[in-house]
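Welcome! Here is a short briefing to help you find your way around a protein you have not met before. Take a look at the sequence and the model first, and then read on.

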Amino acid sequence: MAGIKKPHLNSGSAIVSAHQQITMAASTSPLLLLALLLLPALMAAASLPALPLSTASRWIVGADGRRVKLACANWASHLEPAAAEGLARRGVSDIAARVAAMGFNCVRLTWPTYLATNATLASLPLRWSLERLGMLESVAGVRVNNPALLDLPLVDVFREVVSSLASKGIMVILDNQMTTPGWCCSRTDGNGFFGDVYFDPDEWLKGLSAMATMFNNTKYVVGMSLRNELRGPKQNVSLWYRYMQMGAEAVHAANPNVLVILSGLDFDNTLSFLFKEKVNLSFSGKLVYEQHWYGFSDGGNWESQNQNDACGMVVDFIWAKGLFLLQQGWSLFFSEFGFDMSGTHIGDNRYLTCFLSVAAEMDLDWSIWALQGSYYIREGTLAYDESYGLLSWDWCTARNPSFIKRINSLQSPFQGPGLPNSQEPYNIIFHPQSGLCVLARSSKLLELGPCDESNAWNYTSAYELVVKSTGQCVQAKSVGKNAKLGTDCSKPSSKWHLISNSKMHVSAELTKNGTRVCLDASPDGAIRTNQCKCLSVDPACDPESQWFKVILSSRDIPGGDSILQLPSLGPWPPTSLSS
C-alpha cells in the first residue's frame with residue numbers, strides 16, 4: 001500500500017487524498033481512526049498564523065517571520081445599538097463560521113469610543129439597548145438566535161463576538177469607527193476630527209487605552225485601527241501627526257502585541273502627506289497605515305469614461321494618495337473597499353475589476369465592506385438592507401456567490417517572507433474578471449484555472465511569456481484561434497506587450513499580416529487571440545475579458561517540492577496492514 005501523500009499547503013485535493021487514504025484503512029486500525037478524527041484539526045492548526053503579528057518592511061508577518069496576508073471583512077458594531085449587526089438573524093458562532101467558510105482570515109470589527117469610556121452605555125444590557133430604540137422584533141430575534149447574549153452588558157457582548165471569531169481561527173482588528181454610536185460618516189456629524197463636538201482627543205486616547213487593555217491577553221486581536229475616516233472642516237496635517245502619534249503610543253503601551261493601524265485624511269482617501277515625513281514613534285515593527293478605495297470616491301468616471309483610461313487614471317491617483325508607501329517599505333492595509341453586490345451597478349463593476357488587478361499585482365492586505373447583510377437600524381430605517389453586504393438581508397446565504405469564488409485567489413499571499421519560492425519568484429498571469437489564472441495544459445493549449453494550479457511563467461525582457469519548466473512560449477496563430485505554446489520565440493507573434501492605459505491588454509502581432517491581437521478569455525475559459533478591443537475612447541465598450549495582469553508569485557509550484565509536513569502518524573502501512 002502506498003504511503004500517505006503529504007499535501008501542498010494550498011492544495012485542497014491533496015488534503016482530500018490523504019483523508020481518503022486514512023479512511024480506507026480506518027476500519028481495520030483504531031490508531032488510523034483516531035488519525036482520521038484528528039486530521040481536520042491538524043489541517044486547521046497548520047493554516048493558522050503564528051501570533052502576534054508584526055511588520056517586516058512592507059509585509060505583515062507572523063511570529064515565525066512568515067508572511068500573513070490580511071484578507072478581512074468589516075463587521076459593523078458601532079451603530080446606535082452598539083452591538084455587532086446580525087445577532088437577531090443568526091447565532092454569533094454561526095456568523096463566525098460563515099466568515100471562515102467564505103475564506104476570510106480576519107474581521108475588522110468596528111466600535112464606538114463610548115463603548116470603552118461611557119460606563120452607562122457599556123453596562124447597558126443588549127435587550128435594553130434594542131428596546132430603547134423601539135426594536136422589539138430584534139429583541140425577539142436575539143432571544144431565538146443568541147439567548148445567552150440578550151441580557152449581557154454591551155461590552156460583554158462585544159467580548160463574546162471577539163471570542164466567537166477567535167474560536168473559528170479568525171483574527172480580529174478593532175476599528176474605532178465613531179465616538180457616539182451611529183452611522184459613519186459625514187463631514188458634519190461631529191465625529192470627524194480632533195476637536196469636533198463629539199471628538200475629544202483626551203477621551204479618544206482613554207478609549208483606545210481601555211480597549212487595548214481589555215484585549216491584552218486575547219491573541220487573536222491582532223491589530224487596532226486608531227480612527228476611521230478622519231474628515232471635516234477641522235482636519236489638518238499638523239494635528240494629525242500630534243494626535244495619531246499619541247494614539248499609537250497609548251495603544252502600544254497598553255498592548256504591545258497588536259499592530260497599530262493609522263488612517264489618513266479626507267475619509268481615509270489620502271496619506272500623501274507621508275511621502276516626505278513619516279510618524280515618529282518610540283517603537284518599531286508594529287506600524288501599519290490604512291487607506292480606503294471606493295469607486296464613488298477614487299476620482300474615476302467609471303460610467304462615462306473608457307474603462308482602460310479610467311482604470312489607468314485611478315491607479316495613478318491611488319498611488320499618489322497612499323499606495324507609494326509600499327514602495328517605500330511601509331505596510332499598507334486597504335481596510336475598506338466595496339461595491340454593490342447586486343452586480344447591476346456598472347460603475348461599481350468596472351471599479352471592482354480595476355481594484356482586483358491592483359490587489360493581485362501589489363499583493364495587498366485588504367478588508368471588504370461589509371460582512372453584514374442588514375442592520376438593526378441605519379439612518380432611521382429599521383432592518384436596512386446593505387447592498388454592499390457579503391451576506392443576504394437575512395444573513396442566510398452569500399449575496400453574490402460568484403464574487404466569493406472570484407476573490408478566493410486573493411485570500412492567500414502571492415509574495416512575502418517565508419513562502420516556498422520567496423528566493424526565486426516567478427510570474428503568473430492573473431485574469432481579474434474571473435479571479436483565475438492562465439494555465440498551460442499538456443495539450444499546449446491555454447485556459448483559465450485556479451491560481452494555485454498555475455504554471456511558473458517567466459515574462460522576459462524580450463516580452464516573451466515562457467513556461468519556465470519547458471522553455472515553451474505563448475504564440476499567437478490567427479484571429480479567433482486558441483493561443484498555443486511553441487518553441488520558436490523569436491517571431492513578433494511571440495512578443496507580448498502590455499498596451500492601453502490600463503496596461504492590462506497583452507498584445508502581439510501576427511506573423512503573416514502584422515495584425516495586432518490580444519489574449520482574450522472566452523466564456524468557456526479557453527485563451528484565444530482576438531483583435532484588441534476597447535483600447536480607448538469608447539465608454540460603453542467592455543474590455544475585461546482581455547484584461548490580464550502579469551504578476552510575481554512565490555507560492556508553491558504544483559508538483560514541486562515545497563509541501564506541508566504533517567505530524568507523523570507512525571510507520572505506514574501499520575504492521576497490522578502490511579502482512
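Let us start from a single residue: Val142, which sits in helix 7, residues 136–145. Please keep in mind that the model is predicted. From Val142 the briefing moves on to the whole chain, its nonpolar cores and three pairs of packed helices.

**One residue up close: Val142**

- Is Val142 buried or exposed? With a relative accessible area of 0%, Val142 falls under the 20% cut-off, so it counts as buried.
- Beyond its neighbours within four places in sequence, Val142 touches Leu87, Ala88, Leu126, Leu130, Pro147 and Leu150.
- One of these partners, Leu126, is 16 residues away along the chain, and its C-alpha atom is 9.0 Å from that of Val142.

**The chain as a whole**

- The protein chain contains 14 helices and 25 strands.
- Of its 579 residues, 56% are buried.
- Among contacts with a separation of 6 or more, 70% are between residues 24 or more positions apart.

**The nonpolar cores**

- The largest nonpolar core is made of 120 residues. Trp75, Leu174, Trp240, Leu262, Tyr289, Leu390 and Phe403 have the most contacts inside it.
- Which helix gives the most to this core? That is helix 10 (residues 237–254), with 9 residues.
- There is also a second, separate core, which has 22 residues, including Val474, Leu485, Val506 and Phe548.

**How to read a helix pair**

- Two packed helices can be described by two values: the angle between their axes and the distance between those axes.

**Helix 9 with helix 10**

- Helix 9 (residues 201–214) packs against helix 10 at an angle of about 25 degrees, and the axes are 8 Å apart.
- An angle under 35 degrees counts as roughly parallel, so helix 9 is roughly parallel to helix 10.
- The two helices, 9 and 10, make a right-handed crossing.
- On the helix 9 side, the contact involves Pro201, Trp204, Leu205, Leu208, Ser209, Ala212 and Thr213. They meet Tyr243, Met244, Met246, Gly247, Ala250, Val251 and Ala254 of helix 10.
- Sorted by class, the contact between helix 9 and helix 10 has 11 nonpolar residues, 3 polar ones and no charged ones.

**Helix 3 with helix 8**

- Helix 3 (residues 92–101) and helix 8 (residues 154–167) pack with their axes 8 Å apart, at an angle of about 45 degrees.
- Because of that angle, helix 3 and helix 8 are oblique to each other.
- Helix 3 crosses helix 8 in a right-handed way.
- Helix 3 brings Val92, Ser93 and Ala96 to the contact, while helix 8 brings Val161, Ser164 and Leu165.
- By class, the contact of helix 3 with helix 8 counts 4 nonpolar and 2 polar residues, with no charged residues.

**Helix 11 with helix 12**

- Helix 11 (residues 307–327) packs against helix 12 (residues 346–361) at an angle of about 55 degrees, with 10 Å between their axes.
- Helix 11 and helix 12 are therefore oblique to each other, and their crossing is right-handed.
- Where do helix 11 and helix 12 meet? Gln307, Cys311, Val315 and Leu323 of helix 11 meet Arg350, Cys354 and Val358 of helix 12.
- The classes in the contact of helix 11 with helix 12 are 5 nonpolar, 1 polar and 1 charged residues.

Methods
Residues numbered from 1 in each chain as written. Predicted model: local features only at pLDDT ≥ 70, side-chain atom pairs only at ≥ 80, totals over all residues. Heavy atoms only, no water. Helix = DSSP H or I, 4+ residues; strand = E, 2+ residues; numbered from the N terminus. Buried < 20%, exposed > 50% of the residue type's maximum accessible area, 1.4 Å probe, protein only. Contact = heavy atoms within 4.5 Å. Core = buried A, V, L, I, M, F, W, Y, C linked by side-chain atoms within 4.5 Å. Axes fitted to C-alpha atoms, helices over the stretch in contact; angles between N-to-C directions. Parallel < 35°, antiparallel > 145°, perpendicular 65-115°, else oblique. Left-handed = near helix turned anticlockwise from the far one by under 90°. Nonpolar A, V, L, I, M, F, W, Y, C, P; charged D, E, K, R; others polar.
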